[in-house]
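Dear colleague,

I am handing over the structure we spoke about, and below it I have set out what was found in it. Please read the notes with the structure open beside you.

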Amino acid sequence: MVNPNVMFIAGHARLPQGMAAKSVFDTLTITAEVDTKYGVILEASCTLATEHGREFIGNLLKGISLNEEIDKHVEYIQYYYRGKATNALIAALKDLSLYYHQQKNEIKSVK
């Protein structure tokens, strides 16, 4: 059953050259289930090449609120993730946040 209080959204960014995921994807995608009331990420995933990397990013993003300033969450990625995809992850998270706010405003205007 679909939960009307949860939104599934995605953010995208270009991957840098020399990454394993680049041979499969041209872009890095972060997908997230987001609570629409508080903007909290309930679950997150990304298209990093390794399962370990995907799980790490999912756990890092889980529980953050997109209603808060995104710069705080960017710092989490910069501090805890030390790989070639850092800038792509940050760009994808910013894209995800932007898209979330656009959709949230669209939903408000319909109600």
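**Cys46 and its surroundings**

Leaving out residues up to four places away in sequence, Cys46 touches Thr29, Ile30, Gly53, Arg54, Ile57 and Leu89. Please keep in mind from the outset that this is a predicted model, so that every contact and distance in this message is a computed value taken from predicted coordinates. Cys46 belongs to strand S3, and with a relative accessible area of 4% it counts as buried, because buried means under 20%. Its C-alpha atom is separated by 9.2 Å from that of Ala10, a residue 36 positions away along the chain.

One of the residues that Cys46 touches is Thr29, which lies in strand S2 and is likewise buried, with a relative accessible area of 14%. Not counting residues up to four places away in sequence, Thr29 touches Ala10, Gly11, His12, Ser45, Cys46 and Thr47. For Thr29 and Ser45, which are 16 residues apart along the chain, the separation of the C-alpha atoms is 8.2 Å.

**The overall arrangement**

The protein contains three helices and three strands, and read along the sequence these follow the pattern β-β-β-α-α-α. Of its 111 residues, 40% count as buried, and the accessible surface comes to about 6900 Å², of which 52% belongs to carbon and sulfur atoms. If one takes the contacts with a separation of 6 or more, 54% of them are accounted for by residues 24 or more positions apart.

As to confidence, the protein averages a pLDDT of 89, and 89% of the residues score at least 70. Among the elements, strand S3 has the highest mean pLDDT, at 97, whereas helix H3, which covers residues 86–110, has the lowest, at 90. Where pLDDT is low, the predicted coordinates should not be read in detail.

**The nonpolar core**

The largest nonpolar core has 29 residues, and of these Leu28, Ile41, Leu61 and Leu89 touch the most other members. Strands S1 (6–14), S2 (27–35) and S3, together with helices H1, H2 and H3, are the elements that give two or more residues to this core, and H3 gives the most, with seven residues. Leu89 is in contact with Leu28, Ile30, Cys46, Ile57, Ile77 and Tyr81, once its neighbours within four places in sequence are left aside; the contact between Leu89 and Cys46 therefore appears here again, from the side of Leu89, and Cys46 is the buried residue described above.

**Charged pairs and the surface**

How many salt bridges does the structure hold? There are two. In one, Lys62 pairs with Glu43, the closest N and O atoms being 3.2 Å apart. Lys62 lies in the loop between H1 and helix H2 (70–80) and Glu43 in strand S3 (residues 41–46), so this pair ties together parts that are 19 residues apart in sequence. Both partners count as partly exposed, Lys62 at 43% relative accessibility and Glu43 at 40%.

In the other, Lys72 pairs with Glu68, and here the closest N and O atoms are 3.3 Å apart. Lys72 is partly exposed, with a relative accessible area of 39%, and Glu68 is also partly exposed, at 38% relative accessibility. Side chains of opposite charge can pair when their charged atoms come close.

Elsewhere on the surface, Phe56, Tyr79 and Tyr80 make a nonpolar patch of about 350 Å². Phe56 lies in helix H1, which runs over residues 51–61, and at 34% relative accessibility it counts as partly exposed.

**The loop residue Thr36**

Finally, you may wish to look at Thr36, whose place is in the loop between S2 and S3. With a relative accessible area of 22%, Thr36 counts as partly exposed rather than buried, because buried means under 20%. Not counting residues up to four places away in sequence, Thr36 touches Pro4, Asn5, Val6, Met7, Tyr100 and Lys104. Its C-alpha atom is separated by 9.7 Å from that of Leu66, and these two residues are 30 apart along the chain.

With best wishes

Key:
Residues numbered from 1 in each chain as written. Predicted model: local features only at pLDDT ≥ 70, side-chain atom pairs only at ≥ 80, totals over all residues. Heavy atoms only, no water. Patch = residues over 30% accessible without salt bridge, like charges linked within 9 Å, V, L, I, M, F, W, Y side chains within 5 Å. Areas by Shrake-Rupley, 256 points an atom, 1.4 Å probe, with all protein chains shown as cover. Salt bridge = Lys/Arg side-chain N within 4 Å of Asp/Glu carboxyl O. Helix = DSSP H or I, 4+ residues; strand = E, 2+ residues; numbered from the N terminus. Buried < 20%, exposed > 50% of the residue type's maximum accessible area, 1.4 Å probe, protein only. pLDDT = per-residue confidence, 0-100. Core = buried A, V, L, I, M, F, W, Y, C linked by side-chain atoms within 4.5 Å. Contact = heavy atoms within 4.5 Å.
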